[in-house]
Amino acid sequence: MSLGWRFSSNSHLTDVGVVHRAGQPLFFVTSLGRSVYALTADGELLWQAKTLGPAYALALVDQDPQLPSGALAIGDDAGHVTLFDTQGRRLWRFELGSRVTALASDWQAGVLAGGWDERLTLLRPDGASVPL
């Protein structure tokens, strides 16, 4: 299978997520270049947002009723989890304090974040942490 196009970010790509909107795929890609990209089904850049550090992890958040079009959580090397809407607007940022290398979404209506501190942190849809 081939997409029929290539995307160059000028940095290593680290994670990718796909959602379908209006019957078309929308690709989200993170990179070590401190960026997250949104691409159309044709590989055209819709938007690019910067992160505070190289971005390692991405999780799609689709089940929050306050975000009907969905959102994406990005974990970065600077120790932050940032939530963007699918238009590229930053909704919130949480400082985890350790490189974020793993994210999972929609667990108890939040984002589960893990990193080099060997802990899991549950973040609510509003960006506040919940003790586990």
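Visitor: Where does Leu 72 lie, and what makes that stretch a strand?

Guide: Leu 72 lies in strand E6, residues 71–76. Strands (E, at least two residues) and helices (H or I, at least four) are DSSP runs, numbered from the N terminus. The model is a predicted one, in which local features need pLDDT of at least 70 and side-chain atom pairs count only at pLDDT 80 or more, while totals for chains, interfaces and linings use all residues. Residues are numbered from 1 along each chain as its sequence is written, and side-chain values use heavy atoms, with hydrogens and water left out.

Visitor: How do you know whether Leu 72 is buried or exposed?

Guide: Buried means under 20% relative accessible area, exposed means over 50%, and partly exposed lies in between (1.4 Å probe, protein chains only). The relative accessible area of Leu 72 is 0%, so Leu 72 counts as buried.

Visitor: Which residues are in contact with Leu 72, leaving aside its neighbours within four places in sequence?

Guide: Contact means heavy atoms within 4.5 Å. Among the residues that meet this condition are Phe 28, Val 36, Trp 47, Leu 58 and Phe 84.

Visitor: How many aromatic pairs does a search of the whole structure find, and what makes two rings a pair?

Guide: The search finds 4 aromatic pairs. Rings of Phe, Tyr and Trp (its six-membered ring) pair if their centres lie within 6.5 Å; planes under 30 degrees apart count as stacked, over 60 as edge-to-face and the rest as tilted.

Visitor: Why are Trp 5 and Phe 27 called an aromatic pair, and of which kind?

Guide: Their centres are 5.7 Å apart, which is within the limit, and the angle between their planes is 70°, so the pair is edge-to-face. Trp 5 stands in the segment before strand E1 (13–21) and Phe 27 in strand E2 (residues 24–31), with these positions 22 residues apart in the chain, so the pair is one that links distant parts. Phe 27 has 12% relative accessibility and therefore counts as buried.

Visitor: What kind of pair do the rings of Phe 28 and Trp 47 form?

Guide: Their centres are 6.0 Å apart and their planes stand at 45°, so the pair is tilted. This pair also links distant parts of the chain, as Phe 28 is in strand E2 and Trp 47 in strand E4 (residues 45–50), 19 residues apart. Phe 28 and Trp 47 are both buried, and ring pairs link them with Phe 84 into a cluster.

Visitor: How do you know that E2 is mostly covered?

Guide: Of the 8 residues of E2, 6 are buried.

Visitor: What makes E1 and E2 paired strands?

Guide: Two strands pair if DSSP finds at least two bridges between them. E1 and E2 run antiparallel and are joined by 8 bridges, so they meet this condition. Among the bridge partners, Val 18 has Phe 27 and His 20 has Pro 25.

Visitor: How many bridges join E2 to strand E3?

Guide: E2 and E3 (residues 35–39) are joined by 5 bridges and run antiparallel, so these strands pair as well. Phe 28 stands opposite Ala 38 in E3.

Visitor: In what order do the strands of the open sheet stand, and why are some called edge strands?

Guide: The sheet holds 4 strands in the order E1-E2-E3-E4, with antiparallel pairing. E1 and E4 are the edge strands, each pairing on one side only.
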